Structure formats: structure tokens, C-alpha cells
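Here are a few exercises to work through with the model open beside you. Try each task before you read its solution.

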Amino acid sequence: MQYRLSWGASIGIPVYTKRVMAEENEVRYNPAAIEPKWQQRWAADPKLYAAEQVDCGKPKYYVLEMLPYPSGQLHMGHVRNYSIGDALARHMWMRGYNVLHPMGWDAFGLPAENAALKNNTPPRQWTLSNIAAMKRQMERLGLGYDWATEVTTCLPEYYRWNQWFFLRMFEKGLVYRKKSKVNWCPECATVLANEQVVDGCCWRHETTQVDQRDLVQWFFRITAYAQELLDDLDKLDGWPEKVRTMQRNWIGRSEGTDVDFFLEEVQGLGTEPTRIRVFTTRVDTIFGATSVQLAPQHALVAEFTAANPELKAQVDELLEQQKRARESGDLGAIEKHGVPTGRFAINPYNGERVPIWVANYILADYGTGAIMSVPAHDERDFEFATKYRLPITQVIKPTDPAAPQELPFCSEEGVLVNSGAYDGLSCTEAEKKLQEIAVAGNFGEPKVTFRLKDWGVSRQRFWGTPIPIIHCEQCGLVQVPDEQLPVVLPDQIEITQQGGSPLSRVPEFVNVKCPACGRPARRETDTMDTFVDSSWYFYRYTDAKNANAPFDSEIVKYWFPIDQYIGGVEHAILHLIYSRFWTKVMRDLGLIVNDEPARRLFTQGMVIKDGAKMSKSKGNVVSPDEMVGRYGADATRMYALFAAPPDRDLDWQEDGVAGVSRFLARVWRLATKYAPLACTARVDSHPFRIEGQNAGSSTSLRFAQKDGAPSTQPTGLSLKLLRKLHQTIAKITLDFEDRWHFNTCVAAIMELVNEIQAADAQLAAGEVSAPVLRELLRLLVLLLAPFAPYLAAELWEELGEEGAVLRASWPISDPELAKEDELEIPVQINGKLVTVVRVAADADAKAIEAAALAGEKVLLRTAGKNVVKVIVVPGKLVNLVVK
Ligand SMILES: [Zn+2]
Ligand SMILES: [Zn+2]
């Protein structure tokens, strides 16, 4: 017995029961023959998946999956992400849209340098060969990408536009250079952005603690857009709420007041007192301030400690504690320590003298690096004051007399007490009034602060976009003139991962003439963070070959915003904030008109195995090639959609892939059984017809006589099958439009196939005719096309249909035909399910109640008892209360 589901001597054959093997044996579903055949045909027809011109007259649809890093191997997470996007793209093609479905490579980054160090392969060569390997995998999977728009970010034709944007932003003051404390990953030997530090460790090296170093760095002024980035989140109602919440928290806006306390001078009267600016969100509580606290790095602290070695030692200890907490990522939970400086500050509102402390939990980079401590109305201040026995003065009384009286009282539902002339004001009234007083007295003002920091983009790496700036002793920072772009990375370079940027050791690269004065000058040797590349790549897809501009604005105007963006939730704050920022910058440069890059965002769940994330170290990695080799691309892709709702984690079970493969074999067997029969029968008795071709037109399925005789309504089993078909069409269409329950879509297709198979078994009894079944199978192939594109293409041709299945119209459900004429209603007794009764779909509560009470099992259980209450939820449920 030749077993045909699997193939190739080197590949293990899955174990099946004899029954299944016997069944499959007749089927001869052989994806190893079908899939490469269609792969070749598709490759020979580049127009198949190509986007059409912007004037094609069709509505547009831009579906995009996040581009991968070319590591050399697709993993199952990729397969899942791309299977979702590809199903959607195919569905939209069949709906008649002009679809843009591109793919590219996020091709700069550290691993290429690691590989160069390890294998002595130049980063470019390593990267490009990985891209070729992954592209082969994608093509084998049958993913319908428009390869004419492919973008590879490590090629000069792409990164020259990173440089061009950098210069435009430099001209607008959105790029600047400053010395700052930076996050330094010893493993990467480079600077990391704040967003790339996770729990104190490097985002790429989860166990490597990040150091703080002082370096002169390039920054993008993303904070200039902080408010707009926050406000526009409200417009993104097609984005997951969790992503919007993560971005809101990351941007971290707080409204408050900057207030100057005055340093009490020790010797004599200074002409102008030193100001200690604090930021507070609760200026209404300022009469309850019982100390001022400074970050250990605050400039005044250095002054205080200069003549006080004992204090200096204590402050150094606080600094050390803060550093350790920062490194372990536990800054929020730091055990609070402080030391009094022996100096005092004056409260500008009442002249009161309060001690100045230095505390380890005050951060130099948040607000002003100084706070007023109000223990009666702040949890943290209360904890600190209790520990160090500082006075606690209540200045807010709860409005609600029933509110708990103990301190701290942190709500703003209160009125001021112990606050002089402001007693009796509500917290909000007081805030406004006290801000006015501060402005009038020139000791403060209303202030909005953000947690978001400017984006540090300097990297001391080779494999990235060179920063197009020249350092001239005479002229300072000089832009590389546009006509000299791109600044190209040198080909030959020694990568050591030591001693700063590799580019600084290439004299031909570094030594240039200043474009302004012609004197010898030095080229910048930092390269850009690779998140720059992914911040705008999806614009380039629309016009990927443009040699004169990053893209044509008119083409972008047609395609943007992206209709559906699909990727991992791990990009919620890095890539997805940077690319929103980039969009706003490009808009303000006059290049585009959209404010946001993507209308809808979907974040798929992870693919796990045995309950854990797939990783080499755990030995639980399932290779897509292996699955495709054993079961075919269709089964692998369909399983990735079927095994879990797309937003949840998917636990990979090879048995499940085998099951999907068996299902596809069943479809194959049925379709190939009816296909030849129809070739002769079609002219005489083609029973259904799809009317209407394009998206939005109505299609109805009815018996239509070929010779134009009047239509007749189907009856009996045919009607039942037709109803199931229309319900399946309706469900899948709705899921593509909105719900994305692709797992239940596949399940619905399986149910439909079960019904067709059952009908097939009754063919001899004359309940249904062969042409009817053939037509159902033809429509089934349309429904399968987004999920199992190879099999759909093959069966479409087997059925004698003209042209690509991708160009066939998606069927449209007729609600009348989809309607059930009977419903099954569960009946409960005292909350427990007892039976199910069938009622007419439009039955009222009374009729449903009667049907429930007449149920055989209900009669048995209620015999000799009292039915005290009947609750009917029409269409859903009946519950009887029985005593
Ligand atoms: Zn690292
Ligand atoms: Zn110069």
C-alpha cells in the first residue's frame, strides 16, 4: 500500500490509524506535487500579486505585516503573522480591491556584525544570503507578496533616504547633539535608547545589565511631538486598547506646577536668593510641605557636599543605591533612604522654613530633580516622613464626611485647611489660584511634563546608516550636501566590537574635506539606530524604485494610511511610537498628508511549544521547513490560523497540522470526484449561479436553469446545504471585516465539508443531485482560497474554471438563505441543562415555553413536582424553576 500524504524517504511518516490510511490512500492528495507546481506558475506571473496603478479605479487596500530581521530562518511566529496577512490580502483581492501586500527586510543590526566576527563573513554578504534563504521560504509558503516593491534597508538605495530625512530634521532643529548619560550595553558595546532597556537589561541581551555612561550623542526631538502623539491615540480606534494604553503610559503626561522654593542663605544676605525649582502635580497641598528633597545628582547637592566630606560620603551611598536599583530595573520599588543636608528652603507662599534633604528615590531626569514633600497627602512622602520622623501637616480635608480620616489623604475630593487665606477652597480652585499667585510673584508657573525622552539615535556600530554630518574645526557641524548622498558604508572593514565605532578606524571614510570651507575635516562615525529604518519603510513600498525622492507624495496619498497593519505586541512602544513620530515629521515637511501611519493594527499572539516560547536553548523550536516538508504549506498555514484565536498564544501541536492535512485531503477527494462529472454535466444542469462580480454587489445563490427558464427554489437536503453554505460565507466575510476569528472560520469550513460529505454518501438515495454538490464544492474552493491557496488554485483548475482563483469574486451571502427556519433552544431545570428543544426560528416566548414544557426529558423531571417559574430568553434559553 503506497502512502501518499507524506513523501521523501528522509522525512518521517506520521503515524495514522489503518482506517485513516485506507481513506487517505484513495485520495492521493499530494501537496509535494501540487504546491511546487503552483509556486512556479505564480513566480512566472509577477502581475498576480502586484498592486495596480493608483488610477485603476478600484478601491485600495494596504495590508502590511511587520518586516522581519533577516536572521536566515523564518520561525513559526513569522509563519503565523504572514498567514494572517496573506489570508486577508487574498480575501480583499477576491472582493475586488486594489491590494498592496509588500514585504521587505529590516536588514541592519548587530547580528550581522556578530556573524562577521564569528565566521569572518562581511555583514553585507551574510545579510543578503539570509534574505535570499528567507525569501525562498516565503515563496514556498505561497505568500502572495508583490516582490517588485521589496525594500531592503541595508542597501544604499534605501538608507540614503534615512540620511536625507536626518538632514531635513537637522535643518528644522529636530536633530541635535548633546552630552548625556546614556544606556550602554557592554554586550552590544553600544548605546541603547530608553525604550531598549527592559528591566535594567538590554532588550537584545536579557541578562546583560545596562551601564550608564557619559557620551556626546545624536538625538531626535520626539518630545516636540509628545502632546500630539498622545492626543492622536484617541483617533486610533482601530488599534488594540492595550497598545494605546502602553503608549499613553510611555508618553506619561502629567499636568502640574513648577514652583521655586528659596535657599536660605547661610552667610549674610545674598542679593538674589538661590532658587530650588520643584515640580508638583499638587500645588494645592503646598502649605503641607515639610521638606524639600533633592536628587543625589542635583547641582545644589554638589555645592552642599563640597565643604562637607561626611555628607558627601552619605550622598555617594544614596547614588550607589539608586544606580543599583536602576540597573536591576527596580527603581520604582527602591527602599527609600535620605540624608538631611543641614540647609533650609523657604516656602514662597508662606515664608515657612523647611529642611532640605537628599533622597535616593528622587530622579535627576524626572521633572526638575527636586520635589516638595507633603507627607499628609502623598503615599511616598508619608512613608519617608514616618521613617525619618519628619512633621506631617494636614492641609486637605475630605469633602465627604464619611471618607476615612487617617492620613495620607491623597484624593483631590477635598477642601483646603491650615492654608491661610486659601482655606475652604476646593483642591481644583486652589490649584488655579495658587498658580496665578506664582506667576504674578514670578516664582512659578503651570507646567506639563512628559515621561517621554528624546530619541537617542547614535550607535557606535558599523552595520547601520552612516550619519551624514561632517565635523569641521572651522565650521562646526556641517551637513553632507544632498548631492553627495548616500554616504556609503565601506565594503572592507575589520569588526572587533571593541574600542568604539568600527568606522572610526577607516581613514578613507573618516578623512574628508569640509564641504563648507574645504579644509580637512572628520566624518561622523556613529551610525543610526536601526529603528530609524523601520520608522518609514512602509512608505517606500509604495514607490520602492524611486531614485529621486524617498517616494512620490501622490502615490503615498493614494495608499495611506495603511488599512491593516499586523505584527507582534512587543513593538507597541518602540517601532510603533517611532513610526508615528516619523509620520508627523514627514507631514510637517510637506511630504505626506496623513497624520498617522496605520488605520488598524492587529497584534497576533505568540507561537509557543509545550507551554514555553520556542527557543534554541529550550530545544522546542519547530521549523517551518520541516512542517511544510511533511504536511505541505497549506496545512501548515491553515493550522497556524486554526489552532488558536489569532490574538492568543498558539501552542504548536504537530498532530493538529496532521489533522488539517487530512481535512484538506478530504476536500481534495470530494472535489476531484465531482470535477470530471461536471465537465459533461455542466451545460445541462449547472444548478447555481453567482450573480454580481465586484465588492459590494449582491450575489445570491438559487437554482437557475441554464436555458433561462424560471429559477426554482431548492428543497430538502439541497436547501439545508445551501443554508449551511450561506451561513459559512456570512461568517467568514464578517470575520475578515471585523472579528478576525479565523480559527472558527476554518472550523466552519470543516463543518460545511462534513455536510457535503454526508450528502455525498446519500447521493444514491436521490436526496441531492451531483451537480448541486459540484457547485457547492466550487464555492467551497472560493472560501478556502485565502486559507489554503495552493489547494484552492489546483481545485479551481480541476473544476475547469478559467483564470486564477484569486481573481474570482468572493461569494456574498444571501441573508434569506442563511436564515435558520428552526432553532435549538437549551432547556435548564434549576440552572442545569436538561435537554434541547427545536422551535421555529421566529417563535415567541409563549411558543418556546410550551415547547420546553412538552419536552420528553422535561416531562420526566417535572413529574409530581411544581414548576414555580419559567424564564424564557427568546432565541437563547429556557430555565424552569422546579420545587
Ligand atoms: Zn545588548
Ligand atoms: Zn569647514
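A residue counts as buried when its relative accessible area is under 20%. Keep in mind that this is a predicted model.

**Exercise 1. Strand E1 and its neighbours**

Task: Find out how many residues of strand E1 (residues 60–65) are buried, which way they point, and how E1 pairs with E2 and E26.

Solution:
- Start with burial: six of the six residues of E1 are buried, so by the cut-off of under 20% each of them qualifies.
- Now sort them by direction. In a regular strand the side chains alternate between the two faces of the sheet. Here Lys60, Tyr62 and Leu64 point one way, while Tyr61, Val63 and Glu65 point the other way.
- Look next at strand E2 (residues 98–100), which is joined to E1 by three bridges and runs parallel to it. Tyr61 has Val99 of E2 as its bridge partner.
- Trace the connection: the chain leaves E1, passes through helix H3 (residues 76–94) and arrives at E2, making a right-handed β-α-β crossover.
- Finish with strand E26 (residues 564–568), whose pairing with E1 is also parallel, over three bridges. Opposite Glu65 you will find Ile566 of E26.

**Exercise 2. Two helix pairs**

Task: Classify how H20 packs on H22 and how H18 packs on H23.

Solution:
- Two packed helices are described by the angle between their axes and the distance between the axes.
- For helix H20 (residues 716–739) and helix H22 (residues 770–784), the axes come within 11 Å and cross at roughly 10°. The two helices are therefore roughly parallel.
- Check who meets whom: residues of H20 including Leu721, Leu725 and Ile729 meet residues of H22, among them Leu776 and Leu779. This contact divides into nine nonpolar, two polar and no charged residues.
- For helix H18 (residues 633–642) and helix H23 (residues 789–798), the axes come within 7 Å and cross at roughly 125°. That crossing makes H18 oblique to H23.
- Here Ala633, Asp634 and Arg637 of H18 meet Pro789, Tyr790 and Leu791 of H23. The residues divide into four nonpolar, no polar and two charged.

**Exercise 3. An open sheet**

Task: Which strands stand at the edges of the sheet E29-E28-E30?

Solution:
- Read the order first: three strands form this open sheet, with mixed pairing.
- Strand E29 (612–613) and strand E30 (650–651) each have a single partner strand, so they are the edges, with one side left without a neighbour in the sheet.
- Strand E28 (residues 607–609) pairs with E30 in the parallel sense over two bridges, and Val607 has Leu650 of E30 as its bridge partner.

Key:
Residues numbered from 1 in each chain as written. Chains lettered and ligands numbered in written order. Predicted model: local features only at pLDDT ≥ 70, side-chain atom pairs only at ≥ 80, totals over all residues. Heavy atoms only, no water. Axes fitted to C-alpha atoms, helices over the stretch in contact; angles between N-to-C directions. Helix = DSSP H or I, 4+ residues; strand = E, 2+ residues; numbered from the N terminus. Parallel < 35°, antiparallel > 145°, perpendicular 65-115°, else oblique. Contact = heavy atoms within 4.5 Å. Nonpolar A, V, L, I, M, F, W, Y, C, P; charged D, E, K, R; others polar. Buried < 20%, exposed > 50% of the residue type's maximum accessible area, 1.4 Å probe, protein only. Pairing = 2+ DSSP bridges. Right-handed = clockwise from strand over helix to strand, strands pointing away.
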